[in-house]
Amino acid sequence: MTSYVENEVDLTFPFEMQKIVDQIMETVLEMENCPYETTVNLLLTDREGIREYNRNYRELDRETDVLSFPNIPFDMAGNFVVVEEDEAAYFDPDSGELLLGDIILSADHVVAQAQEYGHSLLREFAFLTAHSMFHLCGYDHMTPEEAAVMERKQEEVLEQLHITRDL
């Protein structure tokens, strides 16, 4: 399992981002019974940066808290069988790891939402990372049923890691 974390803003958090990303990544992939070693990229940007990425890649000219760019076109969320059909498209030829996708987080939104919801920066960063990891595993929240599944899974990850709202 490999994660790459890049911080393109001057903001630093009072926790080790790499460690939290790795813990969440490992927990989510275990929950989803992912049979492969994987690679995920996470970029921390600001309000202007995430707005630009959202405009360029989703044609939505607005800010958001997190963007997820899955590399795998899942037929069914969490079913990794689809990658066996075209291994060259989904696996890094050097490492052999499954290229799961990319996450872009807005540091400004992490700070603002932590304050708004009355919990720590760690809790908000972890929540958004878990949320995005489930998107990379094929989950969505377009319907109330889908949203309920994602919410339950996200909370389960945070509970397993003891990252509570009290932190």
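Helices here are DSSP runs of H or I with at least four residues, and strands are E runs of at least two, numbered from the N terminus. The model is a predicted one.

**Exercise 1.** State how many helices and strands the protein has, and in which order they follow one another.

*Solution.* Counting with these criteria gives 6 helices and 4 strands. Reading from the N terminus on, the order of the elements is β-α-β-α-β-α-β-α-α-α.

**Exercise 2.** Decide whether the radius of gyration of the protein agrees or disagrees with that of a compact globule.

*Solution.* The rule for a globule is 2.2 Å times the number of residues to the power 0.38. For 167 residues this leads to a value near 15 Å, and because the protein has 15 Å, the two agree. As a complement, the C-alpha trace spans about 45 × 35 × 35 Å along the principal axes. Contacts can be added to this picture: of those with a separation of 6 or more, 69% join residues 24 or more positions apart.

**Exercise 3.** Describe the largest nonpolar core and the surroundings of L98.

*Solution.* Begin with burial, which is taken as under 20% relative accessible area; 46% of the 167 residues meet this criterion. The largest nonpolar core has 43 residues, and L98, L100, F125 and M133 touch the most other members. Two or more residues of this core come from each of α1 (17–31), β2 (38–45), β4 (98–106), α4 (107–117), α5 (121–136) and α6 (144–160). Finally, leaving aside residues up to four places away in sequence, L98 touches C34, Y36, E37, T38, T39, I72, F80, V83, Y90 and F91.

Note on methods
Residues are numbered from 1 along each chain as its sequence is written. This is a predicted model: local features need pLDDT of at least 70, side-chain atom pairs count only at pLDDT 80 or more; totals for chains, interfaces and linings use all residues. Side-chain values use heavy atoms; hydrogens and water are left out. Buried means under 20% relative accessible area, exposed over 50%, partly exposed in between (1.4 Å probe, protein chains only). Contact means heavy atoms within 4.5 Å. A nonpolar core is a set of buried Ala, Val, Leu, Ile, Met, Phe, Trp, Tyr and Cys residues joined through side-chain atoms within 4.5 Å.
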